[in-house]
Structure formats: structure tokens, C-alpha cells
Amino acid sequence: MTNQLQTAESSSTVLEQLRGKHVLITGTTGFLGKVVLEKIIRAVPDIGGIHLLIRGNKRHPNARDRFLHEIATSSVFERLRKDDNEAFESFIEERVHCVTGEVTEPRFGLPVERFSALANRVDAFINSAASVNFREELDKALAINTLCLNNVVQLARQNREMAVIQVSTCYVNGKNSGQVTESVIKPAGDDIPRSTSGHYEIDELVRLLEDKIADVRSRYSGKVLEKKLVDLGIEEANRYGWSDTYTFTKWLGEQLLMKALEGRALTIVRPSIIESALEEPAPGWIEGVKVADAIILAYAREKVTLFPGKRSGVIDVIPVDLVANAIILSLAEALAEPARRRVYQCCSGSSNPITLGEFIDHLMAESRSNFAAYDQLFYRQPTKPFIAVNRILFDVVVGGLRVPLSMTSRVLKLLGQDRELKTLRNLDTSRSLATIFGFYTAPDYIFRNDELKALSSRMGELDRLLFPVDAAQIDWSVYLRKIHLAGLNQYALKERKLYSLRSAKARKKAA
């Protein structure tokens, strides 16, 4: 094993570049961050140190405690524990360093001396912290997706050699159509001034948004204030060419970093819709219900039959392990060749496209033939089809059905029957999901990843095996029907208490 590892290190650009390096990572309490962390621990054993910026919570105010109780116990590390639990525990003890901090606070909430020491100790920074709520209140989305990046900039200015990897999203493309390349994205709505360096000047726009937020805050409070800030986010996103607050504020974040870190090592990695793992750390590994899964779950529970979508449109889904690999490849490149700005898109639409119609057909075929294998997902075999129609027809049908059903529900309540009509509830579920996800199911764009594939090619054959990024390897029928649904059933929809159960058994045996 040792000889094999030495051979790999001697011919792997990634392993050579990361040997002895210290990397700061945010967002490891989230889905993607956990997979990135797991892959670095497993595949880059000679890394110098991994520093995790983690916000304390009520249960675990200290970052180290929260890491040990909420991250290290995750099923994402089962493979490492199974292979060599002692080595995994030793790695965590010796080379995982936890920093209690908050990404939105000045200097991450750290004292000046601690912030400076951190800046001088790390060689690279992977920022995967984000609010991925499509309908987040504008002030919150702006704080975590845009303004907190000023702290990243401050850290980088104290260590000019530090490489910054910013995890963004392909959907900063907004409402643009056509082929989307790995470049600076032009807004599809109101004009925003552009600099001679290529990025967009957002300072005045951010000030305008903050003024509008302050105005809303001065006039409302409580739940009404929250709703008004959500509505303001959607309104402003739509004005400038985005469908939701998440993608709008992520685009603003890209521009902030491009301007502030001009001439420095900045890499922006844009994934498309991230879903369960293709292979690593285990096929189908996932945490929580993601974008496409909310719709899958609603269909499986027979809450949605009709949904707005374009069957011929390419729905861009990418397994999480390919995204993690793209981040690690770009990290190695940034350390080897600093002082450059790069943009990579990790996606499937250009190399291995799957249409929304094919996606739905795979889902329905598996539910018909094998629903019983997914006991947490399907309570019984769905009897109704899942039909994608254009948005206008969807609105007409749902609106037309809802009016008489709503009237019937009110009449029943007057008669003393409090039970809400199931059909009305299902229509409201469909409409709610359509409001949030409808933009993503009627695509008229194709994300390209030519630059990412070129990076993978430059890294060499071994690194293509160790850190694959090309979606061409995906068999969509196998992935969607056997890997992804199984992963949802095993990981996302059933709480796993593997280690607590083992501990209980050990205590019982000892007694």
C-alpha cells in the first residue's frame, strides 16, 4: 500500500502540489463541503493541514466540538472509518484544525491577531459557504453570498500568495439563453457598468440594495418584514436578469472577488444542480433533499402530477463527487500557477446531456417496476403520471382547478368540516414548487465545461483517474434509477445513527 501511494505521489500533479500545504475551508457543515473534506482526507494523505471555519451553535459553541459531533460523525466518512478508523481518527486529531468563526462577521469574528495568524498560515482558501435558499430574505442572501467575501479579500491581502477558490453556481447565468461558457456573465436585465478588466462594477448597486433593505426595515417588522425582504430579493433579482435571490447574490459575489483580487490567484468553480455521488465516497451518498429531489419526493408521495417544464430542455445535473474533484483540481492548479483568474463550470449539459423528459421517464419507469425497493421514498406505487407542460398551460390548469376547489373547501368549513381537501393541498404544493423551481425545469441554455475538461487533461492520466470531472462517464439510466433513488432512500430520507448504535451495543456488551 505504501509503495503504491509513493508511486501515485510521484506522478500525480495534484498530490505533489498539495503535499505539505495548509488549506482553509468554509461550508463543511453543508453537503458539498463534507464531500470535499472527505476526498482531501482520503486522497491527499500528505496535505499539511486542513483548517475549518465553523460557526458555533447553541449545542456546540466551540468549532471543534461542533466538528466532532456534527461533521466527523457523518455517514460521508463511513468509507474512511471502515478502511482504517484509527488512521482517520489520527488524521482528525493531528491535521484538522477547527476555527470558531462566522463568515459574515468582520474578520470572520476573529481577533486581529488570530485573523492575521490564520492568513499567514494557510496556502489556499476554499469558500463553499453559501445560502442556497432560492427565496432567501435579501439582506441575509446579500450578507452570506456577497458581502462576506470582503473578509476573504482581507485575508488574501494579508497573504498575497494565498490561492482563493470560490464555489459559485452555473446559474449565475440568470435568464441568458444559448451556450454558456466559462467566462464573466453579462446580466440579462437592467444595465450594470462594466470595467475595462471585464468584471462588472457592483459597488453602487450594492449600496442601492442596502438602501432598499433599510427602507423596508423601517416600515415593517416580524413575519411581514421577512416576507417583504423575500419579495424585495425576487423583485431586484428579476430586475437585473435573475430568477431568484440566490443566483443574483452569487453573481454579485463573483464580481466583488474579480475586482478585489485582480492579478491574484482566484478560481471560480461553478457547479450546476448538485446531486448524489456517482461513486465517492459511496454511490448515491447525499445529505438532505436537493433541487430535483423536492420534485421527485412530491411525485413519489403523489402530491404532484402536473409541473411546468420543457421536456426537450437539457436539465443540468452533476454528481457531487465530480464537483469536489473539480474543486481539488483547481486548487492544485492555483497553487502551481498563481496570479491568474480562472473560471470552471462543472456540469453535464455539453458533454452528456439529459433532457427533462428523459429525467421524468427514468423516474416513472423505476417507480413502476421497482418502487418497493425504495421504502422511504415511495409509500406505495404511484398511480398517476408526472406530466411536464409549458408554464402558461400550467398556470391556466392549476388556477382553473383551484378556484372551485377553494370554494368547496370554504363551504365545507362553514358546515363544520375542518378537513382540507387533499386535491387542493396538492395543487398548492405544485404551485409552490413551481414558484421556486420552475425556472430550472424549462431551460433554454447549455452550460459548457471545455476549460474544466482541458484542466483535467493537463493534469495527466493518473489525476483523471483519481479526480474525475467529466460527466461523459455517467450512464443516466443507471445513475438516476439505481444510484440516485437508492441514495435518496438510504441517506436523505432516513436518519442514520450508525455510530450511536454501535456505542449502545458496546455499552450493552460491556455491561
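1. Contact here means that heavy atoms lie within 4.5 Å of each other. On that basis, among contacts in the protein between residues at least 6 apart in sequence, 83% join residues that are at least 24 apart. The model is a predicted one, and it holds 20 helices and 13 strands. Of its 511 residues, 53% count as buried.

2. The pairing of helix α7 (residues 138–147) with helix α9 (residues 203–219) may be taken as a starting point. Two packed helices are described by the angle between their axes and the distance between the axes. For α7 and α9 the angle is about 150 degrees and the axes are 10 Å apart; since angles over 145 degrees count as roughly antiparallel, the two helices are therefore roughly antiparallel to each other. Their crossing is left-handed. On the α7 side the contact is made by Leu138, Asp139, Leu142 and Leu147, which meet Val206, Leu209, Glu210, Ile213 and Arg217 of α9. Sorted by class, this contact has six nonpolar and three charged residues, and no polar ones.

3. Helix α7 also deserves attention for its surroundings. Seven of its ten residues are buried, so α7 is largely enclosed by the rest of the structure. The buried residues are Leu138, Asp139, Ala141, Leu142, Ile144, Asn145 and Thr146, and what covers them includes α8 (149–158), α9, α10 and α11. Of these buried residues, Leu138, Asp139 and Leu142 are also among those that meet α9.

4. Helix α10 (residues 222–240) can be checked for its length. At 1.5 Å a residue, its 19 residues should span 27 Å, and the end C-alpha atoms are 28 Å apart, which agrees. The buried residues of α10 are Leu225, Leu229, Val230, Leu232, Gly233, Ile234, Glu236, Ala237 and Tyr240; they pack against α7, α9 and α11 (245–260). An α-helix has 3.6 residues a turn, so residues three or four places apart point the same way. Just after α10 comes glycine 241, which has a positive phi, near 115 degrees.

5. A second helix pair, α14 (residues 356–370) and α19 (residues 476–492), offers another geometry to examine. The axes of α14 and α19 come within 10 Å and cross at roughly 55 degrees, and the two helices are therefore oblique to each other. The crossing is right-handed. Phe359, His362, Leu363, Ala365, Glu366, Ser369 and Asn370 are the residues of α14 in this contact, and they meet Trp476, Ser477, Leu480, Arg481, Lys482 and Leu485 of α19. By class, the contact has six nonpolar, four polar and three charged residues.

6. Methionine 364 also belongs to helix α14. With a relative accessible area of 13%, methionine 364 is buried, because buried means under 20%. Apart from neighbours within four places in sequence, methionine 364 is in contact with Tyr299, Pro385 and Phe386. The C-alpha atoms of methionine 364 and proline 385 are separated by 7.4 Å, although the two residues are 21 residues apart along the chain.

7. Some backbone values should be looked at individually. Most residues other than glycine have a negative phi, and most peptide bonds are trans. Arginine 107, in the loop between β3 (96–100) and α6 (112–121), has a positive phi, near 55 degrees. Phenylalanine 108 lies in the loop between β3 and α6 as well, and its phi is likewise positive, near 60 degrees. As to exposure, arginine 107 is partly exposed, with a relative accessible area of 27%, whereas phenylalanine 108 counts as buried at 1% relative accessibility.

8. The peptide bond that joins glutamate 280 and proline 281 is cis, with omega about 0 degrees. Proline 281 is placed in the loop between β8 (273–275) and α12 (291–300), and a reader who inspects that loop should expect to find the cis bond there, at the link from glutamate 280 to proline 281.

9. Asparagine 449 is another loop residue, placed between β13 (445–447) and α17 (450–459). At 1% relative accessibility, asparagine 449 counts as buried. Not counting residues up to four places away in sequence, asparagine 449 touches Glu182, Gln345, Cys347, Ser350 and Ser351.

Key: Residues numbered from 1 in each chain as written. Predicted model: local features only at pLDDT ≥ 70, side-chain atom pairs only at ≥ 80, totals over all residues. Heavy atoms only, no water. Helix = DSSP H or I, 4+ residues; strand = E, 2+ residues; numbered from the N terminus. Buried < 20%, exposed > 50% of the residue type's maximum accessible area, 1.4 Å probe, protein only. Axes fitted to C-alpha atoms, helices over the stretch in contact; angles between N-to-C directions. Parallel < 35°, antiparallel > 145°, perpendicular 65-115°, else oblique. Left-handed = near helix turned anticlockwise from the far one by under 90°. Nonpolar A, V, L, I, M, F, W, Y, C, P; charged D, E, K, R; others polar. Expected span 1.5 Å × (residues − 1).
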